[in-house]
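Grab a pen and work through these short exercises with the model open beside you. Try each task before reading its solution.

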Amino acid sequence: MSNSMSNSMSSTPKLFIKRAAIASAALASYGAIVYLTYEFMSATMEKNSRSTSSNNATATSSTTNSNHHQFSHVTDPNRNLTFQKLASMYDYQISSEENAMLLPLFRRCLLYFHARGKVLEVGAGTGRNLDYYSFSTTPSTSQHGNNN
């Protein structure tokens, strides 16, 4: 075998091991973030449930335990107001973490290589991806709904 061929064959396992280690670290980081987010959201929902329960108990002390229900963000009448308040701060608060994980670069690459022709992006959020589209050649419509 030639010398260059044997070098490339011996570096292939090393490259595979390096890539596997990076992928494992990324997966472990992702898992840790998902777990911590779950714990945070669970604690927040429990806190909201307790405060709503105490408010309901003081307002209507004659209700029985059978009529008591758990707090739900879905049935909360103030949910749109809450989402609007959170959305105004969300982009600022999340930007440093996204920049550290190179997500803006990832978004830009995905849209550059995969978004062609007429693109419909459907999602709930603050429109963070819209800055990465090139609207110079295609007319665009941006719908920011506020459904009550």
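Two exercises follow, each with a worked solution.

This is a predicted model, where local features need pLDDT of at least 70, side-chain atom pairs count only at pLDDT 80 or more, and totals for chains, interfaces and linings use all residues. Residues are numbered from 1 along each chain as its sequence is written, and side-chain values use heavy atoms, with hydrogens and water left out.

**Exercise 1.** Work out which residues the salt bridges join into one network.

Solution. Start with the rule: a salt bridge is a side-chain nitrogen of Lys or Arg within 4 Å of a carboxyl oxygen of Asp or Glu. That rule gives three salt bridges.

- Step 1: Arg128 meets Asp91 at 2.8 Å, N to O. Arg128 sits in the segment after α3 (103-114) and Asp91 in helix α2 (residues 79-100), 37 residues apart.
- Step 2: Glu98 pairs with Arg107, with the closest N and O atoms 3.0 Å apart.
- Step 3: Arg128 also meets Glu98, at 2.5 Å, N to O. This pair is 30 residues apart.
- Step 4: Shared partners join Asp91, Glu98, Arg107 and Arg128 into one network.

**Exercise 2.** Is Glu98 buried or exposed?

Solution. Check the cut-offs: buried is under 20% relative accessible area, exposed over 50%, partly exposed in between (1.4 Å probe, protein chains only). Glu98 has a relative accessible area of 6%, so Glu98 is buried. Now try its network mates: Arg128 comes in at 21%, so Arg128 counts as partly exposed. Asp91, at 27%, is partly exposed.

Terms used:
Helices (H or I, at least four residues) and strands (E, at least two) are DSSP runs, numbered from the N terminus.
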